[in-house]
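Student: Could you take me through one part of this structure closely, starting with a single strand and then working outward to what surrounds it? I'd like to follow the reasoning as we go.

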Amino acid sequence: MVHFMPQSKLVRFGLLFAVSTAECFCAAPKGWNSWNSFANLVNSQIIQREAEALAANGMKRAGYEYVVIDEGWWQGQRDSNGKILVDPKQWPAIKPGQKDGDMANIVDYIHRLGLKAGIYTDAGRDGCSMYPDSGPTYRNTGSEGHYEQDFLQFSKWGFDYVKVDWCGGANEKLSGAVHYAEIAHAIKRAESITGHPASFSICEWGSQNPWFWAPGVGGIDSDIWRTGGDIIAPVVESLHDVDHQKRIIALNNVLDSFDAGTHPEAQHTGYYNDLDMMVIGMRGMTEAMDRIHMGLWTISSAPLIVGSDLTRLSPANLAVLTNSEALAIHDDPYGLQPVKVDEPTPGVQVWAKPMAVAGRRAVAILNRTNNSAKVQINWSKLGLDAAPRSLRDVWSGRNIAAAETLFSVPAQDLLLLLVDGEDKKPDKYTASQSVITGIRATGGPTFARVHYSNTSGHVVVARLKSTSGLSTAVALLPTSESDVGVAGLILPHGTADLSFEVEMVVVRDVAVYAW
Ligand code: GLA
């Protein structure tokens, strides 16, 4: 039996197959983060209000579940044992029996709403609070020297998600691969002590090419890694601060983040390039920009962590964020990024990704230009044998005649399509002793289904190398004795002679679909 990674958490999966109990970002996480709209002024009241909005405005129902408390929640003080000291005024008791200054209070509040809680630190000694623009400077807000202690504390408080930034790490010129691996170990150690799993969000802005080392770093069961800087510096509306109000999002801010984040060969189920928090609902965004942002982030299966003030979202913002067909593209079990299959005129681009259902594609026609465009799609460039059987316009929720090949896209807008057709026949390569050589993917974009078994009980990271010089990581999730795991992969352009180097995992064969 071929097993496709389900959309459920690995915990549930684990009951079935007795594998790891760690959290799995089986689909990239969806939720909210405090930074973009509250910066380091974040406190318990803000988090309560935003968590309530998330639970009530339709986003929770659509699958947004994380409430992440970003920078600013502590000011770097520790007691004589190195234990983090929290400001009791910012994080007071919320109900009787609780103590002021205990972060478990807010976690409990978030959990009671049926949501999950996220927290933030830095891999270095100082965090980013050294460069505040809405409060004083605080030293020592990072976790370096306290990894085991801090991640155990986060776990004891009940946090389900940890975002680890890189301001201190960058200043000290640390190695991301080394330090994030140590942090992954600390997270796993904490889980083994408390029994409470936490998901890992790496935030080093792509500075040390994390797509080469972040998937499964330190043996973590799933993770996400930021691929670039912040789309925009925070805009705290309540400050009425001129500098903040000058921060207006332009389309290029969103497009730059997408462009910096496209590393499709590193991404597959459970391991995601993070294109940064979403800015839908923030200053400067229009309805067409919302469609571009949501379309690119969902077709990329990127984390959908919204950074705006959820209490101020318009019905139109919410309609885009909760569009169920766009979210289904996002949650596709293969979790792949799209590849650019065509650019008929500069700035008019066709992006497509393969999905877990045979012959299915998500297609985004992105018009970056100031003129409306008519785009002819050549289905063969999407790896389809013939014209599709069905075509769906995701924004309108309507079917389009399957024979249609010409699509209109207004200036600076995006059309999102779901396409069902027939895959071209793949080439099959059988493995010998877990090594497959001689895979040829010399044409355009290439998609591969890797069949493997991994009965080690934990994630195994395979090095994937090619004679074209590429070296990347593929993290293979555990399978049971009788199941075959399938990982969907995008192979790099022009790849030739591909080999997997793995231990404890049997790679059986690879089906390669050249587009
Ligand atoms: C960096 C990160 C942001 C946010 C801030 C907090 O800029 O990229 O996402 O966490 O730090 O200071």
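Tutor: Happy to! Let's start with strand 8, residues 271-274, which is covered on both faces. Tyr 271 and Asn 273 lie on one side, Tyr 272 and Asp 274 on the other, and all of these residues are buried. Please keep in mind that this is a predicted model.

The partner to look at is strand 7, residues 223-226, which pairs with strand 8 in the parallel sense over 4 bridges. To find the register in your viewer, place Ile 224 opposite Tyr 272 in strand 8.

A useful contrast is strand 13, residues 373-376, where the side chains alternate. Ala 373 and Val 375 point to one face and are buried, while Lys 374 and Gln 376 point to the other and are not. In general, the side chains of a regular strand alternate between the two faces of the sheet. Strand 13 runs antiparallel to strand 16, residues 406-409, and 4 bridges join them. Here Lys 374 stands opposite Ser 408 in strand 16.

Now for the helices. Helix 10, residues 251-260, packs against helix 11, residues 287-299, at an angle of about 5°, with the two axes 10 Å apart. The angle therefore makes helix 10 roughly parallel to helix 11. On the helix 10 side, the contact is made by Leu 251, Val 254, Leu 255, Ser 257 and Phe 258; helix 11 contributes Met 289, Ile 292, His 293, Leu 296 and Trp 297. Sorted by class, this contact has 8 nonpolar and 2 polar residues, and no charged ones.

Helix 11 also leads us to a sheet: it lies across strand 11 (348-354), strand 12 (360-367) and strand 17 (413-420), running at about 40° to strand 17. The open sheet has 6 strands, in the order 10-11-12-17-14-15, with antiparallel pairing. Its edges are strand 10 (339-345) and strand 15 (398-400), each of which pairs on one side only. From one strand to the next, the twist averages 25°. At the strand 15 edge, strand 14, residues 390-393, pairs with strand 15 over 3 bridges in the antiparallel sense. Asp 393 stands opposite Arg 398 in that pairing.

Let me finish with the cysteines. Searching the whole structure gives 1 disulfide. The bond is between Cys 128 and Cys 167, with the sulfur atoms 2.0 Å apart. The torsion about its S-S bond is about 95°, so the disulfide is right-handed. Distant parts of the chain are linked this way: Cys 128 sits in the loop between strand 4 (116-122) and helix 6 (147-157), and Cys 167 is in helix 7 (residues 167-171), 39 residues apart. Both Cys 128 and Cys 167 are buried. Cys 203, by contrast, is in no disulfide, as the nearest cysteine sulfur, that of Cys 128, is 7.2 Å away. Cys 203 has a relative accessible area of 1%, so it is buried.

The loop between strand 4 and helix 6 also holds Tyr 131. Its relative accessibility is 52%, so Tyr 131 counts as exposed. The C-alpha atoms of Tyr 131 and Cys 167 are 9.2 Å apart, with 36 residues separating the two along the chain.

Notes:
Residues are numbered from 1 along each chain as its sequence is written. This is a predicted model: local features need pLDDT of at least 70, side-chain atom pairs count only at pLDDT 80 or more; totals for chains, interfaces and linings use all residues. Side-chain values use heavy atoms; hydrogens and water are left out. Buried means under 20% relative accessible area, exposed over 50%, partly exposed in between (1.4 Å probe, protein chains only). Helices (H or I, at least four residues) and strands (E, at least two) are DSSP runs, numbered from the N terminus. Two strands pair if DSSP finds at least two bridges between them. A disulfide is a pair of cysteine sulfur atoms within 2.5 Å. Axes are lines fitted to C-alpha atoms, for helices over the stretch in contact, and angles run from 0 to 180 degrees between N-to-C directions. Angles under 35 degrees count as roughly parallel, over 145 as roughly antiparallel, 65 to 115 as roughly perpendicular and the rest as oblique. Contact means heavy atoms within 4.5 Å. Ala, Val, Leu, Ile, Met, Phe, Trp, Tyr, Cys and Pro count as nonpolar, Asp, Glu, Lys and Arg as charged, and the others, Gly among them, as polar.
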